[in-house]
Amino acid sequence: MKPPMTKAAKADRLAELMARRGGDEGGAGLWTEALRRLRRSKMALIGAAIIAVFLLLAIVGPWVAPHGPTAQIWRGEVFPNQGRFVGPRSGNWLGLDHLGRDELSRMLIGARQTLLVGVVSMLIGLVVGALVGAVSGAAATLGGAAGKRVDTVVMRITDMMLALPSLLLAVSIAAVMGQSLTTVMIAVGVVQIPIFARLLRGSMLGQGGRDYVLAAKSLGVRRRRIVLTQILPNSVSPVIVQATLSLATAIIEAAALSYLGLGNPDPAVPEWGVMLSQAQRFFDNAPMMSVYPALGIVITALGFTLLGEAMREALDPRLRG
Amino acid sequence: MSLLELRDVKVHFPVRAGIVTNRTVGHVYAVDGVSLSVEAGRTYGLVGESGCGKTTLGRAVLRLVDVTAGEVVLDGTDLATLPAEEMRRFRRRLQMVFQDPLGSLNPRQNIESILAEGMTAHGIGTSNEDRHRRILAILDKVGLPANALSRYPHEFSGGQRQRIGIARALVLEPDVLICDEPVSALDVSIQAQVVNLLEELQDSMGLTYVVIAHDLAVVRHISDVVGVMYLGSLVEEAPSDVLYAAPRHPYTRALMSAVPIPDPDVEDSRERILLTGDLPSPANPPAGCRFHTRCPWKRETRCATERPEMRELADGHRVACHFAEEIAQESPGEITDGNRENLAKSPRA
Amino acid sequence: MPLLSVDDLTVTFRGGHGRPPTRAVDGVSFQVDAGRVTGLVGESGCGKSVTALALMGLLPGKGVDRGGSAVLDVGAGSEFVASGPVDLLGLGPGALRDLRGSRIAMIFQDPLSSLNPVVPIGVQVTEILERHRGLRGAPARKEAADLLDRVGIPDPTRRLKEYPHQLSGGMRQRALIAMAVACAPRLLIADEPTTALDVTIQAQILELLKELVDQEGTALLMITHDLGVVAGLCEQVNVLYAGRVVESAGRRELFAHPTHPYAHGLLGSIPRLDAPRGDPLHPIRGSINDRIAWQDGCAFAPRCDFYDEECLEGPPALTEPRRPDHRVRCVHPVLDTTAEEVTA
């Protein structure tokens, strides 16, 4: 017969066995948890790896590029009219383009331009769209009858923007504003505005009907504070996911605009879309000249899409585990 | 002295149709003329089945939904007509505990932030330290450890979350606490913890409760006075013990007889009044007595044409039924007039 | 031989993504006798619903490990189903599909999401009749109308053409019951069938279930958290805690002499409509999260008033401390109480 355990010893033993059962890690907010889930996702890791390589290229590319973007050093070796091109060779690892410039150098320098176009146009869409969406969402959830009217008007305008084919809208904007990098960024950005606006508003409307918003109201919390501390923080996760996915579309759309001849005409900034559009004339004789920028665009877009989809899963409250 | 008084409160929601015109094509009569009064320091229980308007009534008291007509008087002030900002400040005295403990807590705020929200809104506390001290005190009162403050709602069990919800309301030191289904989302063994906690807090803080629930046993246990709602209005109101011992309204009797009791001997011997049919739509309530379409004791014409008013049968026992006195003497099996079609086909009868 | 004999059933959800596996059902054993109502009672997380899904073969195949056996006496065979006893856990998907609906059927808590919203009730009922009884066309529709009538749905021929959203909650649950009993199954599993319903509707549905058991001889496995429902309906009661049966007894015996501290505590913690007001409730402290693994000792120990070191000497066995047909999994059973003390 063992001696009876003391009360404290009994409690300790139980605590030990309960801990052994595993489970509860404490003190983590939803964002921390989402990050933990993200780190376990293969999709996120692949996406992040692609993006990291792309970022690295965008940062160091112009410095490590062996030649200048406009240096037509090997002008005399390429004769596009006769179908004579130069493929990969020692010193020009990706070959030469139709003007005798080093393709690798142009790809490296173009990475920064491509990223710039993608990020800036996505930010234009995100900032303006989120602002519009937040106003509309706040008005609809807590603004009473007048707020509902504001919301209706704003949303009909975004509906009209959504109804226009996005590329057509971008082409029109670019046509009005002339050919420049800024134009491309604005054109691509404007197209994203209604998407972000609708998304945030919808998300806010969903959260606005939840019990914790009602609870804040019954506590006597002011409306502005309810929007800022209760509704908005819970509504942004789909917007973050969309922003990541939008980066991919923005890069592709910018490439499409460049391809249509509305991109930046400056040969010193070889954005991948511009390179692709110039290369397609020579596709029969020098297909690789098109393949490099196209691959660059596709892989980068894939990276952002993978990360975006992984974030969508990580942030989904239903999958909390 | 009654602290909270409702006088003929109505909440009607418009039913709209058409995308462009948005016309009002009708109303849902969620709450349709409820009068009751709650004594300071006591508990008023409101029971009824889903769709009876009890939740809407609770929200109307806090003006979380607009009151269509009637008065909600708290300590001499009519809340129904108070301007928005004054109402917001008045909410400090009138707090609410919600049914869904997880859904009613902001998932992205930690417990300290959740508990501080109301104090910030009402400027309670002289400093952050003062507020922190108040939070710790209330946390102790509801039986949560101090280390809960830095954690987030999803890390707690259902019962603990409901304690957080109660603490959030009580940290404002309200006079009246409206508990909307405070235990129905919890496991049976946890329900008792929360019920006991509510009772202790009432004793120690002198709170007045309005407890809204569909579980008759819980409401009867916790309440001093119980009001039974059906289709937007009160049908019976009585002191808790009287209501169980001598229910007078046919609906109350049916409701009581339908509640399962965890005792085989009682279950085998009790008589069940099975109601036929379903609750009519509150958008299109029946004329006359709202309950006459399902009432086993319905009498010709009067029940279908004249809506019964609440009338006092005995001290504190009010009922809205034309024939309450006669019905009290009868069991439904003894009915001899032509209302048998309203009795459920009881397979064992 | 019992109709269904569940022996040492285990269900483990593999974690994946770095999460530890969860053992939802941890060695559940019980029996269901033909033509009787057997109760499986417990709170959320006790494994009662997972047990039902495992019996029905409705758990996902991937990421779930099953153990133990569940032998069902299928009875007479038919063109679809072989006769004799079968282990439900050992059956392939095809054989399970043949059994489901014809020999075992299940009704769920939420009648709306259990019905296909875009198909009329009638089609959903006749589908079952065609699948398991080979009925088609007018005879199938006639039989479907008869079924709805039998479960107390007024005007059945009109109701057959209606969609689930046109029916009230109680009517939907009746329609589901009609579908479940369409082929006169030997075993009906009801998982919280009245939890989503109002009390007056609950009373109607419970009455209907009783009637089906009495008249058709269908065995009913009633899964619920509501001890009141158990008291009125179940003849044999199994109380589950943390994935194991902790107490098993006849209805009157269990309610008169709850012997496991958990069952005892559960009965003491519910307010009774007929108890005098002012009686305090005696809650069980803590929550289901405060438990230890069964292999270390009694999972209920952290919440138990009678806990001492003996409770931690491995998993407690099922014993019969009071009478032979009253099994309790506890080393310190509550033996010296009467029903009066429980409610007092």
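In this predicted model, the loop between α1 (54-61) and β4 (69-74) of chain B holds R63(B). The backbone does something a bit unusual here: most residues other than glycine have a negative phi. R63(B) is not a glycine, yet its phi is positive, near 60°. As for its surroundings, R63(B) counts as buried because 21 C-beta neighbours sit inside 10 Å, and the cut-off for that label is 20 or more.

Further along chain B comes another loop, the one between β9 (225-230) and β10 (233-239), and this is where L231(B) is found. L231(B) also has a positive phi without being a glycine, with a value near 50°. With 24 other C-beta atoms within 10 Å, L231(B) reaches the cut-off of 20 or more and is therefore buried. So both loops carry a buried residue, R63(B) in one and L231(B) in the other.

Chain B also touches chain C, in a contact that takes 40 residues from chain B and 39 residues from chain C. On the chain C side, at least two residues apiece come from α8 (199-216), α9 (227-233), α10 (251-256) and α11 (261-269). Of these, α8(C) gives the most, putting seven residues into the side that touches chain B. What is that side of chain C made of, by class? It turns out to be a mix of 15 nonpolar, 14 polar and 10 charged residues.

Methods
Residues are numbered from 1 along each chain as its sequence is written. Chains are lettered from A and ligands numbered from 1 in the order in which they are written. This is a predicted model: local features need pLDDT of at least 70, side-chain atom pairs count only at pLDDT 80 or more; totals for chains, interfaces and linings use all residues. Helices (H or I, at least four residues) and strands (E, at least two) are DSSP runs, numbered from the N terminus. A residue is buried if 20 or more other C-beta atoms lie within 10 Å of its own, exposed if 12 or fewer, and partly exposed in between; C-beta atoms are placed from the backbone. Two residues are in contact if their C-beta atoms, placed from the backbone, lie within 7 Å. Ala, Val, Leu, Ile, Met, Phe, Trp, Tyr, Cys and Pro count as nonpolar, Asp, Glu, Lys and Arg as charged, and the others, Gly among them, as polar.
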